[in-house]
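Hi,

Here is the model I said I would pass on. Have a look at it first, and then read my notes below.

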Amino acid sequence: MNVLESPSRTGGPTIWEEMHARGVSRRDFVKFCTWMSAYLGLASSGVADVLKALEKKRRLPVVWLHFQECTCCSESFIRSSHPIVADILLDKVSLDYTETLQAAAGFQAEECLHRTMKESRGEYLLMVEGSVPMAEDGAYCVIGGRSALDIVQEAAAGAKAIVAWGNCACAGCVQAARPNPTMARPIHQVVTGKPIINVQGCPPIAEVMAGVVVYLLTFDRIPQLDALGRPKAFYSRRVHDTCYRRPYYDAGLYVESFDDENARHGYCLYKMGCRGPTTYNSCGVIRWNNGVSYPIQSGHGCIGCSEAGFWDNGPFYQRLASFPGFGIETTADQIGLAVGAAAIAGAAAHAILTNVRKHHEIGEQAGESASLAPPPAVAESDEQAKE
Amino acid sequence: MTPEASPAVQPAAAAPVFRRVYVWELPVRIYHWLNALCVLVLTVTGILIAHPPAFASVTEASFSYWFGINRFIHFATAYVFFFNFAFRIYWGFVGNQFSDWRNFLPLRSAQFRQAGAVLRVDVLQATNRPIDAVGHNSLAYFTYFLMFLVFLFQVISGFAMYASMSKSWFPQLFVWAVPLFGGDFALRQWHYMAMWFFIVFTIVHVYLVFYHDYVEGHGVMSSMVGGWKFVRPDMLKGNGRSWFPLSPRSPRSEQKSAPRRPS
């Protein structure tokens, strides 16, 4: 396997050399570097950095682990529009272990994994797809007789950095949705002391995944991350901010129901429960399937798949989620209205009760009627009292 | 009615003298009404943001911007709301004893005793002994403390959500709230839920002001306009059941609580 090519050893072809040997022209190589720099939001001078890095650097050893997930992250990645994107990971970095794509099986595969972890200790990148179950001592996800927790903690110990692919690894996704029977946990909750890059989405956009890998190859450092550990280059803006339907939002023109006149006009899907205003991702810019489209462009609201707990924030077709603990589809509005009505009813009842119970205290009191009031003004009598 | 129905009334024939006390200083009153205005504007614009009405429009989107303006008003008012709130906290340290911050923190047993008395007298109406509170009563102070916490939550959650739309440094101070709540969606949900607190609070607050003015006749309602309340002199002396026992401390507040004399 590719272990022999790990950068801890001197010699061996660089990424460019290997690409060249595989028939990639210089022109295509430069185009790829330019393209990637653009995705990463680098200045035009950054193209040279990417180019140089890929020319000079040798392959990066990678261990790619799969736990509780559906492999849609890998699927997204290998369906990336640009052939080099898939190559860069599957061939050009040294993918030493990945359950889905490796040829080795059983003991061979385990041996590969352990050899990489030993020989490239402190240098390999750990990429994880999927969440880690904590219930029943991790019995819900066992590979080669060991629990996911064991495996990820051992692999993380020697890793240079960790890339958590997709919502499962970043936030638990569907497995962690209530009631979370396997007690699924995202990677950042089970691994400490290592830099973790959360590449969010269900799945993440292929170009975003490639961009993160290229960034790590080029600059050899962790990209700028937001407060939830997501690379800012791709997750600093909301889907809403880059949505081509945004002008309809600001103009207050909304689809009221699917297939109505407004939907045909292509108005904003805000009232159909679109999560764009609370979702950070690049769908509006990079889009999907070679930039063909993205959910909103296809007439469906964003479901917020790059945000934690998006399955629990349902139903997807209303702006307000149902409120936990009050049954399905009970929203903050229904609860608020009920409490507000109760407050008004309570006040009315209290007002009636007050007139009954405090009958003697209300209105004119003995000694207080105008005819009996002492002639001097209150302020003056008060002065007298003071002096 | 119970025979001990209104002990306060008995000596009234002899000395029904109510003293005029300057309770709410001008900054407190300005704070109150500005805050009320902000809450009203924020609630209305907030409900519109959550539930924009359907306008059947035939104009191009570029000719209309009402929803954007609505959001702008919400954000701009949020700033006013925040600084007004911050000012009120400051005033809790420099204002008179009725606006003192110590009233709001439920720390002393006397405060709990009075809050319990308010529950019995005003809420459950089990007895008619008057509550001698010149400022707010203890239960009201606690409620306002709770309200301040909701203010704080609305400020934090609101600016945290706003931060991604702003280049200004101020909202960025609150971005830590986003991971705390798991994301913008959850934060928005809680921000919206808290809005209902303001609506319910307003219902109860307005009712109780009517109630206290109606029953006690201390001029609670007008006190937030002119600052003056009308109380029996013994209420100011702290006779065991009086307003929360912070003795009138600064000479300034002494002067203020004395009626102004045209000189």
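Right after α2(A) comes A:Gly41, and its phi is positive, near 75°. Keep in mind for everything here that this is a predicted model.

The helix before that glycine is α2 of chain A, residues 26-40. Its 15 residues should span 21 Å at 1.5 Å a residue, and the end C-alpha atoms are indeed 21 Å apart, so the two agree. Which of its residues are buried? They are A:Phe32, A:Cys33, A:Met36, A:Ser37, A:Tyr39 and A:Leu40. These cover an arc of only 160° around the axis, so they sit on the same side of α2(A). The general background is that an α-helix has 3.6 residues a turn, so residues three or four places apart point the same way.

Staying in chain A, have a look at A:Tyr267, in the loop between α13 (261-265) and α14 (283-286). Buried or exposed? A:Tyr267 counts as buried, because it has 24 C-beta neighbours inside 10 Å and the cut-off for buried is 20 or more. Setting aside neighbours within four places in sequence, A:Tyr267 is in contact with A:Arg245, A:Tyr248, A:Leu253, A:Tyr254, A:Val255 and A:Asn262. As for A:Ile344, it is 77 residues from A:Tyr267 along the chain, with 38 Å between their C-alpha atoms.

On to chain B. Its secondary structure comes to nine helices and two strands, and from the N terminus on the order is β-α-α-α-α-α-α-α-α-β-α. Chain B has 263 residues, of which 31% count as buried. If you take the contacts in chain B with a separation of 6 or more, 66% of them are between residues 24 or more positions apart.

One helix pair in chain B that I looked at is α3 (residues 109-123) with α4 (residues 138-162): they pack at an angle of about 105°, with their axes 7 Å apart. That makes α3(B) roughly perpendicular to α4(B). On the α3(B) side the contact is made by B:Gln111, B:Gln114, B:Ala115, B:Val118 and B:Leu119, and on the α4(B) side by B:Ser138, B:Leu139 and B:Phe142. By class, the residues of this contact are five nonpolar, three polar and no charged. B:Gln111 is itself buried, since 21 other C-beta atoms lie within 10 Å. B:Gln111 and B:Asn84 are 27 residues apart in sequence and 27 Å apart in space, C-alpha to C-alpha.

Then there is α2(B), with 29 residues: from first C-alpha to last it reaches 42 Å, close to the 42 Å expected at 1.5 Å a residue. Its buried residues are B:Phe67, B:Ala78, B:Phe81 and B:Arg88. They pack against α1 (26-50) and α4 of chain B, and also against α12 (246-251) of chain A.

That brings me to where the two chains meet. The contact takes 50 residues from chain B and 47 residues from chain A. On the chain B side, the elements that give two or more residues are β1 (19-22), α2 (66-94), α6 (177-181) and α7 (184-216). Which of them gives the most? It is α7(B), with 16 residues. Sorted by class, the side of chain B that touches chain A has 35 nonpolar, 11 polar and four charged residues.

Cheers

Terms used. Residues are numbered from 1 along each chain as its sequence is written. Chains are lettered from A and ligands numbered from 1 in the order in which they are written. This is a predicted model: local features need pLDDT of at least 70, side-chain atom pairs count only at pLDDT 80 or more; totals for chains, interfaces and linings use all residues. Helices (H or I, at least four residues) and strands (E, at least two) are DSSP runs, numbered from the N terminus. The expected span of a helix is 1.5 Å times one less than its number of residues. A residue is buried if 20 or more other C-beta atoms lie within 10 Å of its own, exposed if 12 or fewer, and partly exposed in between; C-beta atoms are placed from the backbone. The arc is that of the directions from the helix axis to the C-beta atoms. Axes are lines fitted to C-alpha atoms, for helices over the stretch in contact, and angles run from 0 to 180 degrees between N-to-C directions. Angles under 35 degrees count as roughly parallel, over 145 as roughly antiparallel, 65 to 115 as roughly perpendicular and the rest as oblique. Two residues are in contact if their C-beta atoms, placed from the backbone, lie within 7 Å. Ala, Val, Leu, Ile, Met, Phe, Trp, Tyr, Cys and Pro count as nonpolar, Asp, Glu, Lys and Arg as charged, and the others, Gly among them, as polar.
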